[in-house]
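Welcome! Open your viewer, get comfortable, and follow along one selection at a time.

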Amino acid sequence: NLEFNARDKMIDLQEELDSLVGLQDVKNIVKGVINTLELQHRKKEMGIESEDISLNMIFSGNPGTGKTTVARIIGKILRVIGVLKKGHIVEVTRSDLVGEYVGQTAPKTLNKIKEAYGGVLFIDEAYSLNGSGSNDFGKEAIATLIKEMEDNRDKLVVIMAGYTKEMKDLLNLNPGIDSNLSTVPPVC
């Protein structure tokens with residue numbers, strides 16, 4: 001239920017985004033996403049079919065460059081225009097998603113995903129899910145995330161964040177991640 005008559009409600013959020021120093025590419029992408037969603041909404045109102053776009057994203061950059069701040073603003077914007085019901089952000093790291101023993105990871109990951117329904121699941125240092133050993137359960141967390149991103153794209157937005165090089169390595173690890181996430185230019 002997109003509400004693009006909510007442009008007035010977005011003024012403060014747009015100003016909050018615009019007040020961030022630098023990040024011009026990121027600001028342009030966020031504006032582009034909003035415009036694309038509005039166009040899709042208008043098409044549906046006119047009875048024209050349009051494909052849903054994936055709003056899941058990858059933010060890359062060094063610590064302190066605004067990744068979490070931008071994710072919070074995106075959650076609020078998507079709530080105001082009706083894409084997300086709550087617009088809240090659930091911030092997690094590897095330890096919140098990966099279990100210590102066989103059988104713990106999928107339920108642990110699913111619990112965090114369900115907690116994020118209606119909002120944004122923000123995975124900080126997401127590259128750490130790319131475990132090195134055969135007994136590492138990070139890959140199971142990734143598989144669970146991919147399935148949920150495909151099956152429940154109307155319920156949440158997933159934003160994975162981390163250092164640029166490490167995030168590229170994560171994308172190379174699993175093609176399913178790349179097809180379900182849009183890479184935003186480095187937030188730095």
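We begin with rings: this predicted model has one aromatic pair. Select Tyr127 and Tyr163 to see the two partners, whose ring centres are 6.0 Å apart. Their planes make an angle of 40°, and the pair counts as tilted. Now show the backbone around them. Tyr127 sits in the loop between strand 3 and helix 6, while Tyr163 belongs to the loop between strand 4 (157-162) and helix 7, so the pair ties together parts that are 36 residues apart in sequence. Are the two partners buried or exposed? Tyr127 has a relative accessibility of 18% and counts as buried because the cut-off is under 20%. Tyr163, at 32%, is partly exposed.

**Along helix 7**

From Tyr163, move on to helix 7 and select residues 164-173. Colour Met167, Leu170 and Leu171, the buried residues of this helix. Why do they fall on the same side of helix 7? They cover an arc of only 100° around the axis, which puts them there together. Next, pick a second colour for Lys165, Lys168 and Asn172, which are exposed on the other side of helix 7.

**Two loop residues with positive phi**

Go back to the loop between strand 3 (120-123) and helix 6 (138-151), and select Glu125. Glu125 is not a glycine, yet its phi is positive, at about 50°. Its relative accessible area is 41%, which makes Glu125 partly exposed.

For another case, select Leu23 in the loop between helix 1 (7-18) and helix 2. Leu23 also has a positive phi, near 60°, in a residue other than glycine. What is the relative accessible area of Leu23? The value is 11%, and Leu23 is buried.

**Into helix 2**

Follow the chain into helix 2, residues 24-45, and stop at Gln40. With a relative accessibility of 10%, Gln40 counts as buried. Which residues does Gln40 touch, leaving aside those up to four places away in sequence? Show Ser50, Glu51, Asp52 and Ile53 to see these contacts.

**Last stop: helix 3**

Finally, select Val80 in helix 3, which spans residues 67-80. Val80 is another residue to view from inside: its relative accessibility is 10%, and it counts as buried. Add Met10 to your selection and draw a distance between the two C-alpha atoms. Val80 and Met10 are 70 residues apart in sequence, and their C-alpha atoms lie 6.9 Å apart in space.

Terms used: Residues are numbered from 1 along each chain as its sequence is written. This is a predicted model: local features need pLDDT of at least 70, side-chain atom pairs count only at pLDDT 80 or more; totals for chains, interfaces and linings use all residues. Side-chain values use heavy atoms; hydrogens and water are left out. Helices (H or I, at least four residues) and strands (E, at least two) are DSSP runs, numbered from the N terminus. Buried means under 20% relative accessible area, exposed over 50%, partly exposed in between (1.4 Å probe, protein chains only). Contact means heavy atoms within 4.5 Å. The arc is that of the directions from the helix axis to the C-beta atoms. Rings of Phe, Tyr and Trp (its six-membered ring) pair if their centres lie within 6.5 Å; planes under 30 degrees apart count as stacked, over 60 as edge-to-face and the rest as tilted.
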